[in-house]
Amino acid sequence: MGEFTINKEKVLQALGTVQEPDLKQDLVTLNMIQDIEIGVNQVKFTVILTTPACPLKELIKRLCVEAIHTHLNPDVEVIVNLTSNVTSIRPLGSALIPGVKNVIAISSGKGGVGKSTVTANLAMALHRSGASVGIIDADISGPSIPLMFGAENMQPTITPRNGKNYINPIRQYGIKMISIGFLTPADSAVVWRGPMASQALKQFFGDTDWGDLDYLLIDLPPGTSDIHLTLVQTVPVTGAIIVTTPQKVALADAVKGMSMFRQPQINVPILGVIENMAWFTPEELPDSKYHIFGKGGGQSLADKFDVPLLGQIPLVQGIREAGDEGRPAVMDVNPIVNDAFRHAAEGLAQQVAIRNATKEKTQMVEIQA
């Protein structure tokens with residue numbers, strides 16, 4: 001090929017031909033290329049992804065290598081270092097939860113669809129990808145996050161700072177969490193009136209030291225309630241996920257939940273649908289799918305609202321057993337479970353990145369007098 005000098009400008013020109021598949025702009029325009037180093041017959045650079053859970057990271061890496069080989073030199077060695085910086089539409093340093101980049105509401109129309117199980121395992125899958133994750137368990141009817149993380153007997157501590165007492169979230173398996181369940185004795189029935197529960201949720205945002213988080217997942221009660229309204233009035237919500245099971249009753253209720261977030265005065269983007277208990281797979285027959293609750297319901301709900309189906313979680317005995325034993329199922333080695341939740345977490349992270357790049361900021365809902 002003769003003498004050919006590679007310099008940083010030429011590397012940037014070559015990489016300027018690589019489109020980020022989701023954001024539909026090139027990597028250079030998106031400021032995703034850093035630390036270009038030119039060595040002897042070698043090009044080295046870093047690509048900053050929008051999330052560590054990017055499902056397209058290997059594709060982006062391959063496209064970068066091909067661009068250098070096509071536009072500069074087919075024989076040069078290309079070393080692509082992948083890192084990530086999770087995007088946000090929240091102004092960091094804002095008064096409430098200043099270090100939290102994305103607030104994700106996890107909602108369902110009806111109870112019993114496994115919303116807390118999905119929340120716990122999504123959190124673990126995101127954490128395993130390298131993201132920093134927190135959970136607020138705002139489900140007053142059954143705060144099950146402490147149980148699923150084996151933390152039901154733990155008590156949050158308080159740290160005074162600048163004349164104010166801050167709650168320290170419980171940290172378990174790398175996830176920071178706070179729950180209404182931590183505030184009440186485990187086996188006593190506490191009747192939470194709407195205003196009390198709403199006040200507790202406000203404290204979870206305003207009086208809790210969350211530090212820096214990429215994703216803060218909010219496990220909401222079923223249906224639409226005071227808690228949902230308090231959430232959207234207290235912090236700007238990046239987006240919501242709807243959890244449903246395939247059967248018609250669950251889908252009918254899920255439609256109401258989605259419609260609430262889409263009301264003009266609330267206007268929280270729906271990031272997608274997760275279909276839980278999509279089919280039953282016995283552990284001894286990992287390739288079998290028994291559609292106990294019907295089939296295709298999650299997809300039809302996603303289609304109706306024109307949002308993605310982020311994942312389908314099978315009904316596997318190990319998921320229930322792990323939750324009852326106090327550890328999210330993702331921590332076990334069942335590949336069916338791990339793949340399902342990893343896929344859903346990657347889909348969620350992908351939709352958050354697209355949403356942050358393309359949609360207006362979510363405004364807090366003003367309380368109408």
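How much space lies in the largest cavity? About 40 Å³. Keep that in mind while we set out, and remember that the model in your viewer is predicted.

**Stop 1: the largest cavity**

Select E20, D22, L23, T50, T51, C54, P55, A349, Q350 and A353, and you have the lining of the largest cavity on screen. Colour the selection by residue class and you should find 5 nonpolar, 3 polar and 2 charged residues. The search over the whole structure finds 2 cavities of 30 Å³ or more. The idea behind such a search is simple: rolling a probe the size of a water molecule over the atoms shows where empty space is left.

Stay with C54 for a moment, one of the lining residues. C54 has a relative accessible area of 4%, so it counts as buried. Now add C64, which is buried too, at 0% relative accessibility. If you are wondering about cross-links, a disulfide is a covalent bond between the sulfur atoms of two cysteines. With sulfur atoms required to lie within 2.5 Å of each other, the count for this model is 0 disulfides.

**Stop 2: helix α10**

Next, select residues 335-358, which make up helix α10. The cavity lining you just left includes A349, Q350 and A353. Put a distance label between the first and last C-alpha of α10: the span is 34 Å over 24 residues, close to the 34 Å expected at 1.5 Å a residue. Is α10 enclosed or open? Of its 24 residues, 17 are buried, so the rest of the structure largely encloses this helix.

**Stop 3: helix α3 and a contact across the chain**

Move to residues 115-129, helix α3. These 15 residues reach 21 Å from first C-alpha to last, close to the 21 Å expected at 1.5 Å a residue. Most of α3 is covered, with 12 of its 15 residues buried. To see them, select K115, S116, T117, V118, T119, A120, N121, L122, A123, M124, A125 and L126. After the helix comes G130, with a positive phi near 115°.

Now centre on A123 within α3. This residue is buried, at 0% relative accessibility. Draw a line from its C-alpha to that of I175: the two are 52 residues apart in sequence but 7.3 Å apart in space.

**Stop 4: strand β4 and its partners**

Select residues 100-107 for strand β4, where 8 of the 8 residues are buried, so the strand is largely enclosed by the rest of the structure. Which strands pair with β4 in the parallel sense? One is β10, residues 213-219, joined over 6 bridges. Another is β11, residues 239-244, joined over 4 bridges. For landmarks, find I104 standing opposite L217 in β10, then look for I106, whose bridge partner in β11 is I241.

**Stop 5: the β6–β7 hairpin**

For an antiparallel pairing, show β6 (residues 157-161) with β7 (residues 164-168), which share 5 bridges. P160 stands opposite N165 in β7. Between the strands of this hairpin are 2 residues, and N162 takes a positive phi near 50°.

**Stop 6: positive phi in the loops**

A backbone plot makes a good companion here. Most residues other than glycine have a negative phi, and most peptide bonds are trans. Against that background, pick out K24, a residue other than glycine with a positive phi of about 60°. K24 sits in the loop between α1 (8-15) and β1 (33-39). Its relative accessibility is 55%, so K24 counts as exposed.

D306 is another residue to select: it is not a glycine, yet its phi is positive, near 55°. Look for D306 in the loop between α8 (297-305) and β13 (309-315). At 71% relative accessibility, D306 is exposed.

**Stop 7: H291**

Finish at H291, in the loop between β12 (270-280) and α8. Buried, exposed or in between: where does H291 fall? At 31% relative accessibility, H291 is partly exposed. Add F280 to the selection and check the C-alpha distance: H291 and F280 lie 6.3 Å apart in space, with a separation of 11 residues in sequence.

Conventions:
Residues numbered from 1 in each chain as written. Predicted model: local features only at pLDDT ≥ 70, side-chain atom pairs only at ≥ 80, totals over all residues. Heavy atoms only, no water. Expected span 1.5 Å × (residues − 1). Buried < 20%, exposed > 50% of the residue type's maximum accessible area, 1.4 Å probe, protein only. Pairing = 2+ DSSP bridges. 1 Å grid on protein atoms, 1.4 Å probe; cavity = no way out; pocket = protein on both sides within 12 Å on 5 of 7 lines; lining within 4 Å. Points joined across faces, edges and corners; volume = space filled by probe spheres on them. Nonpolar A, V, L, I, M, F, W, Y, C, P; charged D, E, K, R; others polar.
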